[in-house]
Amino acid sequence: MSRCYLAVIIGGTRLSAGVVDEHGQVVVRDRIGTPPRDVWAQLRKLVLRVIAAAPERPVACGIGCGGPMNPIDRTVSPLHIPSWVDFPLADQIEAATQLPAVLENDAKAMALGESWCGAAVDVADFVGVVVGAGVGGGIVSGGRLMRGRLGNAGHIGHVIVEPDGRPCPCGGRGCLEAYCSGSAIEQETGRSPLRAPAAIIERSGLLLGRALASAAAVVDFRLAVVGGTIALSYGEPFFAAANTELAARAKLAFLAGLHVVPSQLGTAAPLIGAASLARQVDTAPAHDGSA
């Protein structure tokens with residue numbers, strides 16, 4: 001009997017849950033719009049509905065959520081859900097499902113999914129970026145996910161791309177997220193970011209390339225895998241602009257060959273990534289308490 005994993009993603013516009021098998025295939029999937037209130041109540045219903053529809057009971061749960069978060073307390077304070085401040089998301093899901101749960105930033109989960117069975121298989125040093133309602137990232141260095149002091153490493157959406165630029169929801173100014181996120185583009189254009197004009201699409205790719213050049217100089221990765229509804233819907237013009245700007249900015253010799261590619265897992269990347277978190281917990285060797 002094959003093993004399967006529950007995957008939960010708390011996105012800026014949608015709550016998603018699914019069941020993924022041990023080969024990275026999504027076998028059950030459901031989602032709802034992120035509600036303005038009673039978020040946990042609606043998420044709990046969604047998760048239990050997905051478990052009930054699964055062909056086999058999942059053995060563990062992986063959760064991807066926007067940050068900031070505290071991995072020690074397993075709490076989240078996502079910028080896109082103001083009512084969740086130090087919300088004990090992992091503990092709540094464990095109580096509701098009776099499954100062991102592991103919590104990670106949603107973009108870092110996406111990076112792990114691409115490493116498992118997507119565009120970064122066998123790539124030891126890369127960054128995964130999600131350009132959707134917000135902009136997030138996850139960095140894999142030497143084959144290991146970079147977590148940082150409080151588990152918040154990889155927030156590429158808050159790399160400064162325009163000094164003294166637009167205000168960002170984080171409280172800073174000029175961040176990549178203040179220009180390239182779906183919410184920022186909608187605010188700028190007054191219409192759905194999926195209907196952005198060509199100039200906005202090209203500018204978004206350019207600014208992403210600029211941010212990646214700075215991040216790569218610090219961390220030394222050789223590939224950027226980019227997903228999310230905005231990036232994937234913008235397609236080739238967006239990726240061409242990102243690669244052109246990256247080539248113009250990343251001039252250090254060790255950055256030769258650095259390039260940007262679209263997520264191979266597409267819109268399923270976050271769920272598959274969350275499942276990869278659960279898979280790591282499921283396959284981790286047990287600790288017997290001996291020295």
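In which strand is glycine 138 found? In this predicted model, glycine 138 is found in strand 9, one of the elements that supply at least two residues each to the largest nonpolar core. The briefing below begins with an open sheet of 5 strands, moves on to the helices that accompany the sheet, and then turns to the cores and to the surroundings of glycine 138 and lysine 108.

**The open sheet**

- The sheet is open and consists of 5 strands, which follow one another in the order 3-2-1-4-7 with mixed pairing.
- At its edges lie strand 3 and strand 7 (101–105), each of which pairs on one side only.
- On average, and with direction ignored, neighbouring strands of this sheet are turned by 15° against each other.
- As general background, the strands of a sheet pair through backbone hydrogen bonds, and they may do so in a parallel or an antiparallel way.

**Antiparallel pairs in the sheet**

- Strand 1 (residues 4–10) runs antiparallel to strand 2, and 7 bridges join the two; within this pair, valine 8 of the one strand stands opposite alanine 17 in strand 2.
- Strand 2 (residues 14–21) also pairs with strand 3 (residues 26–33), again in the antiparallel sense and over 7 bridges, and here glycine 18 has arginine 29 in strand 3 as its bridge partner.
- The hairpin made by strand 2 and strand 3 has 4 residues between the strands, and in this hairpin glycine 24 takes a positive phi near 85°.

**Strand 4 and its parallel neighbours**

- Strand 1 and strand 4 pair in the parallel sense over 5 bridges, with alanine 7 finding its bridge partner in glycine 62 of strand 4.
- Strand 4 runs parallel to strand 7 as well, joined to it by 5 bridges, and the bridge partner of isoleucine 63 in strand 7 is leucine 103.
- Because 5 of the 5 residues of strand 4 are buried, this strand is largely enclosed by the rest of the structure.
- Cys61, Ile63 and Cys65 point one way from strand 4, whereas Gly62 and Gly64 point the other way, and all of them are buried.

**Helices that pack with the sheet strands**

- Helix 2 (residues 89–97) packs on the sheet, where it touches strand 1, strand 4 (61–65) and strand 7, and the direction of helix 2 makes about 145° with that of strand 4.
- Helix 1 (residues 39–53) has 15 residues and reaches 21 Å from its first C-alpha to its last, which is close to the 21 Å expected at 1.5 Å a residue.
- The buried residues of helix 1 are Val39, Trp40, Leu43, Leu46, Val47, Val50 and Ile51; they cover an arc of only 130° around the axis, and they therefore lie on the same side of helix 1.
- These buried residues of helix 1 pack against strand 1, strand 2, strand 3 and helix 2, while the face turned away from the buried side carries the exposed residues Lys45 and Ala52.

**The nonpolar cores**

- The largest nonpolar core has 39 residues, of which Val129, Leu212, Val226 and Phe238 touch the most other members.
- Strand 8 (126–131), strand 9 (135–141), helix 4 (177–180), helix 6 (198–219), strand 11 (223–227) and helix 7 (229–249) each supply at least two residues of this core, and helix 6 gives the most to it, with 10 residues.
- Leaving out residues up to four places away in sequence, leucine 212 touches Val127, Val129, Ile156, Phe221, Ala224, Leu246 and Val260.
- A second, separate core is made up of 31 residues, including Val8, Val50, Cys65 and Ala96.

**Glycine 138 and lysine 108**

- Glycine 138 has a relative accessible area of 0% and is therefore buried.
- Not counting residues up to four places away in sequence, glycine 138 touches Ala107, Lys108, Ala111, Phe126, Val127, Gly128 and Gly154.
- Glycine 138 lies 45 residues from serine 183 in sequence, and their C-alpha atoms are 20 Å apart in space.
- Lysine 108 is found in helix 3 (residues 106–117), and it counts as buried because its relative accessibility is 0%.
- Apart from neighbours within four places in sequence, lysine 108 is in contact with Gly137, Gly138, Leu145, Met146, Arg147, Gly151, Asn152 and Ala153.

Key. Residues are numbered from 1 along each chain as its sequence is written. This is a predicted model: local features need pLDDT of at least 70, side-chain atom pairs count only at pLDDT 80 or more; totals for chains, interfaces and linings use all residues. Side-chain values use heavy atoms; hydrogens and water are left out. Two strands pair if DSSP finds at least two bridges between them. A nonpolar core is a set of buried Ala, Val, Leu, Ile, Met, Phe, Trp, Tyr and Cys residues joined through side-chain atoms within 4.5 Å. Buried means under 20% relative accessible area, exposed over 50%, partly exposed in between (1.4 Å probe, protein chains only). Contact means heavy atoms within 4.5 Å. Axes are lines fitted to C-alpha atoms, for helices over the stretch in contact, and angles run from 0 to 180 degrees between N-to-C directions. The expected span of a helix is 1.5 Å times one less than its number of residues. The arc is that of the directions from the helix axis to the C-beta atoms.
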